[in-house]
Amino acid sequence: MDVAGAKRVTVIPTGAALGADVVGVDLLQRLDEATFKAVEAAWHEHLVLRFRGQRLDDPGLLAFARRFGELDKAPVHAGPEVEDPYPEITVMSNIKVGGRPIGNLGHYEAEWHTDMSYNEKCPIGSLLYALEVPLEGGDTGFSNMYAALETLPAELKRAIIGKQCKHDSSRNSAGELRKGFQDVTDPREAPGAVHPIIRTHPATRRNALFLGRRRNAYIVGLPLKESEDLLNKLWAHASNPGFAWYQKWKVGDLVMWDNRCTMHRRDAFDPAARRLMHRTQIKGDKPYFDPASVAA
Ligand code: SIN
């Protein structure tokens, strides 16, 4: 489908619950305003966009990402402590140089999550660019949280209306304890931000299920057992493969996802293979629920 207002952009939906390819754009060139608006509209419609065959360097990736807003500084990462010319780039990689990892997450599986939901202000979206990929494995799955909310059984929807969830900050999406954090033994005591379980997307005005990540999550105000039972039911529903689409990476793929209405996960891959991705993320605000939003 050609997008109105932009001559050269074609958007091809994946056919799954989310995701589309955008073809006909070279992201190294600054997109004119009409083309940019068409890309942004496609992002709001499809939640995840893939641009294949790009040849981005870090300044090019950052320049495109900045069209969507201010960028977050990369969190402290595993790499050597050297002067960083691009502090908004996070390296995701299993590659080691001189025995030291150059990036985050290694070759491990990453569980379903939304980026940095344990912070008060959560990123709007993230962009991930593939520089080196393994022949097999390391696929990234994305899942549509509008659809998860819209299909939630009525009694579960009733149970979460007006409820808030604590998002644990002690572990990363591979389950590793972050530096400086204690192991959490009671989710009620976990460090991390509290957000509404139903959140309103400020641009589309649609509501989405906002779970963050499962481990050490806690629904504020409920006895722990009730919180665990409700979270287990919500996660069982949200993990339905029918809400998901998987990206099989090729070098030169740029994928951008909307953290306000999606979750993502990653398959593990052979530790002997090399995978090198550069990621940047767009700063966001405190998630909220607007009772006047489009009903789910
Ligand atoms: C992540 O951002 O959670 C990892 C995505 C990936 O490496 O594919």
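Where is the place of Glu-176? Select Glu-176 and you land in the loop between β11 (164–166) and β12 (194–196). Keep in mind as you click around that this is a predicted model.

**Stop 1: around Glu-176**

With a relative accessibility of 36%, Glu-176 counts as partly exposed. Show its surroundings and, leaving aside residues up to four places away in sequence, you'll find that Glu-176 touches Tyr-108, Ser-170 and Arg-171. For a sense of scale, pick Leu-230 as well: Glu-176 and Leu-230 are 54 residues apart in sequence, and their C-alpha atoms are 25 Å apart in space.

**Stop 2: the three-stranded sheet**

The two strands that flank the Glu-176 loop, β11 and β12, belong to an open sheet of three strands. Colour it in the order β12-β11-β15, and you'll see antiparallel pairing. The edges are β12 and β15, each pairing on one side only. Now zoom in on β11 and β15, which run antiparallel and are joined by two bridges. Select Lys-166 and look across to β15: its bridge partner there is Tyr-218.

While you're here, go to Asn-216, in the loop between β14 (207–209) and β15 (218–219). What is the phi of Asn-216, positive or negative? It is positive, at about 60°, although Asn-216 is not a glycine. That's worth a click, because most residues other than glycine have a negative phi. Asn-216 counts as buried, at 13% relative accessibility.

**Stop 3: another positive phi**

Next, select Leu-105. This residue is not a glycine either, and its phi is positive, near 75°. Asn-216 sits in a loop, whereas Leu-105 lies in strand β7 (residues 104–105). With 15% relative accessibility, Leu-105 counts as buried.

**Stop 4: the four-stranded sheet**

Now colour the strands β8-β18-β10-β16: in that order they make an open sheet of four strands, with antiparallel pairing. The edge strands here are β8 (110–113) and β16 (244–247), and each pairs on one side only. From one strand to the next, the twist averages 15°.

Inside this sheet, look at β10 (residues 140–144) beside β16: they pair in the antiparallel sense over four bridges. What stands opposite Trp-245 in β16? Phe-142 does, so select Phe-142 and stay with it for the next stop.

**Stop 5: aromatic rings**

How many aromatic pairs are there? The count comes to seven. Begin with Phe-51 and Phe-64, an edge-to-face pair at 5.6 Å centre to centre, with 75° between the planes. Phe-51 is in strand β3 (residues 48–51) and Phe-64 in helix α2 (residues 58–66), so this pair ties together parts that are 13 residues apart in sequence. Both Phe-51 and Phe-64 are buried.

Then return to Phe-142 and add Trp-257. Their ring centres are 5.2 Å apart and their planes are at 45°, so this pair is tilted. The pair links distant parts of the chain: Phe-142 is in strand β10 and Trp-257 in strand β17 (residues 254–258), 115 residues apart. Phe-142 and Trp-257 are both buried.

For a wider view, select Phe-36, Trp-43, Phe-51, Phe-64 and Phe-68 together: ring pairs link them into a cluster. Add Arg-67 to the selection, and you'll see it over the face of Phe-36, 4.6 Å from the ring centre. A second arrangement of this kind is found by selecting Arg-199, which lies over the face of Phe-210 at 4.5 Å from the ring centre.

**Last stop: the cysteines**

How many disulfides does a search of the whole structure find? Zero. Select Cys-165 and check its surroundings: the nearest cysteine sulfur, that of Cys-122, is 12 Å away. Cys-165 is buried, with a relative accessible area of 1%.

Finish on Cys-261. Why is there no bond from its sulfur to the closest cysteine sulfur? That closest sulfur is in Cys-122, 13 Å away, which is too far for a bond; the cut-off for a disulfide is 2.5 Å between the sulfur atoms. Cys-261 also counts as buried, at 2% relative accessibility.

Notes. Residues are numbered from 1 along each chain as its sequence is written. This is a predicted model: local features need pLDDT of at least 70, side-chain atom pairs count only at pLDDT 80 or more; totals for chains, interfaces and linings use all residues. Side-chain values use heavy atoms; hydrogens and water are left out. Buried means under 20% relative accessible area, exposed over 50%, partly exposed in between (1.4 Å probe, protein chains only). Two strands pair if DSSP finds at least two bridges between them. Axes are lines fitted to C-alpha atoms, for helices over the stretch in contact, and angles run from 0 to 180 degrees between N-to-C directions. Rings of Phe, Tyr and Trp (its six-membered ring) pair if their centres lie within 6.5 Å; planes under 30 degrees apart count as stacked, over 60 as edge-to-face and the rest as tilted. A charge sits over a ring if NZ of Lys or CZ of Arg is within 6 Å of the ring centre and within 35 degrees of the ring normal. Contact means heavy atoms within 4.5 Å.
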